[in-house]
Amino acid sequence: MSKKNKIRNLFCGYNTLKLNNKLGLIDEIRFELSNTKLFNQKGMNGFNKLYFKNVNIEVSARQYLLQHFINQSLNKEILYYFSNQKKSICYPIPIIWQKVLEQKGIKVNNFLSTIFWYYEVF
């Protein structure tokens, strides 16, 4: 896809959101992702007390992932999705975050997104 087509698709997705009065959807998604826990820390209590006194590992991990994965490229993927809703999003994010996108009405290719996620992790 040429750069011109990519920009055209971004504008098309933006216009679709604007026509449906959903311009705040991207901000809602980012807010939901920032408040969705990645894992339950109860099983890590012994490890947490031994090595990380008074540090919440889950919050630290979530902040790191938000900073590195929930950025402009996710915004672009969402806009591309709304330019052509026949396709689904393939973006490297954890499964729990994929479910948040699906709750917001965005189709996610869970298989490829999970593979991309594991590739990014390793």
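Modeller: Let me begin with a definition: a residue is buried when its relative accessible area is under 20%, exposed when that area is over 50%, and partly exposed in between. The model in front of us is predicted.

Colleague: Thanks, that helps. Why is Thr36 called buried?

Modeller: Thr36 has a relative accessible area of 14%. The cut-off for buried is under 20%, so Thr36 counts as buried. Thr36 sits in the loop between α2 and α3 (45-51).

Colleague: What does Thr36 touch, leaving aside residues up to four places away in sequence?

Modeller: Thr36 touches Glu58, Arg62, Ile96, Trp97 and Val100.

Colleague: And what makes the link from the side chain of Thr36 to the backbone oxygen of Glu32 a polar contact?

Modeller: The distance is 2.6 Å. A polar contact needs a pair of N or O atoms within 3.5 Å, one able to donate a hydrogen and the other to accept it, so this pair qualifies.

Colleague: Let me try another loop. Where is Asn21 found, and why does Asn21 count as exposed?

Modeller: Asn21 belongs to the loop between α1 and α2. Its relative accessibility is 71%, and exposed means over 50%, so Asn21 counts as exposed. The phi angle of Asn21 is near 55 degrees, a positive value in a residue other than glycine.

Colleague: What puts Glu28 between those two classes?

Modeller: Glu28 has a relative accessible area of 40%. That value is neither under 20% nor over 50%, so Glu28 is partly exposed. Glu28 lies in helix α2.

Colleague: How do you know that the side chain of Glu28 makes a polar contact with the side chain of Lys104?

Modeller: The two side chains come to 3.4 Å, and the limit is within 3.5 Å, so the pair counts as a polar contact. Glu28 and Lys104 are 76 residues apart along the chain, while 8.8 Å separates their C-alpha atoms.

Colleague: Why is Phe111 called exposed?

Modeller: Its relative accessible area is 61%, and exposed means over 50%, so Phe111 is exposed. You can find Phe111 in helix α7 (residues 110-121). From C-alpha to C-alpha, Phe111 is 9.6 Å from Ile95, which is 16 residues apart from it in sequence.

Colleague: Now the helices. How many helices and strands does the chain have?

Modeller: There are seven helices and zero strands. Of the 122 residues in the chain, 32% are buried.

Colleague: Why are α1 and α5 called roughly perpendicular?

Modeller: Their axes cross at roughly 75 degrees and come within 7 Å. Angles of 65 to 115 degrees count as roughly perpendicular, so α1 and α5 fit that class. The α1 side of the contact includes Leu10 and Thr16, and the α5 side includes Leu79, Tyr80 and Phe82. By class, the contact has seven nonpolar, four polar and two charged residues.

Colleague: What do Leu10 and Thr16 touch, apart from residues up to four places away in sequence?

Modeller: Leu10 touches Lys76, Leu79 and Tyr80, whereas Thr16 touches Phe82 and Gln85. A polar atom of the Thr16 side chain also lies 3.4 Å from the backbone oxygen of Phe82.

Colleague: Which residues touch the most other members of the largest nonpolar core?

Modeller: Among its 25 residues, those are Ile29, Leu33, Ile70, Ile78, Phe82, Trp97 and Ile106. Helices α1 (3-19), α2 (25-35), α4 (57-69), α5 (72-83) and α6 (95-103) each supply at least two residues of this core, and α5 gives the most, with five residues.

Colleague: Why would such side chains gather together?

Modeller: In soluble globular proteins, nonpolar side chains tend to be buried together. As an example here, Ile78 touches Ile26, Ile29, Ile89 and Ile106, not counting residues up to four places away in sequence.

Terms used. Residues numbered from 1 in each chain as written. Predicted model: local features only at pLDDT ≥ 70, side-chain atom pairs only at ≥ 80, totals over all residues. Heavy atoms only, no water. Core = buried A, V, L, I, M, F, W, Y, C linked by side-chain atoms within 4.5 Å. Buried < 20%, exposed > 50% of the residue type's maximum accessible area, 1.4 Å probe, protein only. Helix = DSSP H or I, 4+ residues; strand = E, 2+ residues; numbered from the N terminus. Contact = heavy atoms within 4.5 Å. Axes fitted to C-alpha atoms, helices over the stretch in contact; angles between N-to-C directions. Parallel < 35°, antiparallel > 145°, perpendicular 65-115°, else oblique. Nonpolar A, V, L, I, M, F, W, Y, C, P; charged D, E, K, R; others polar.
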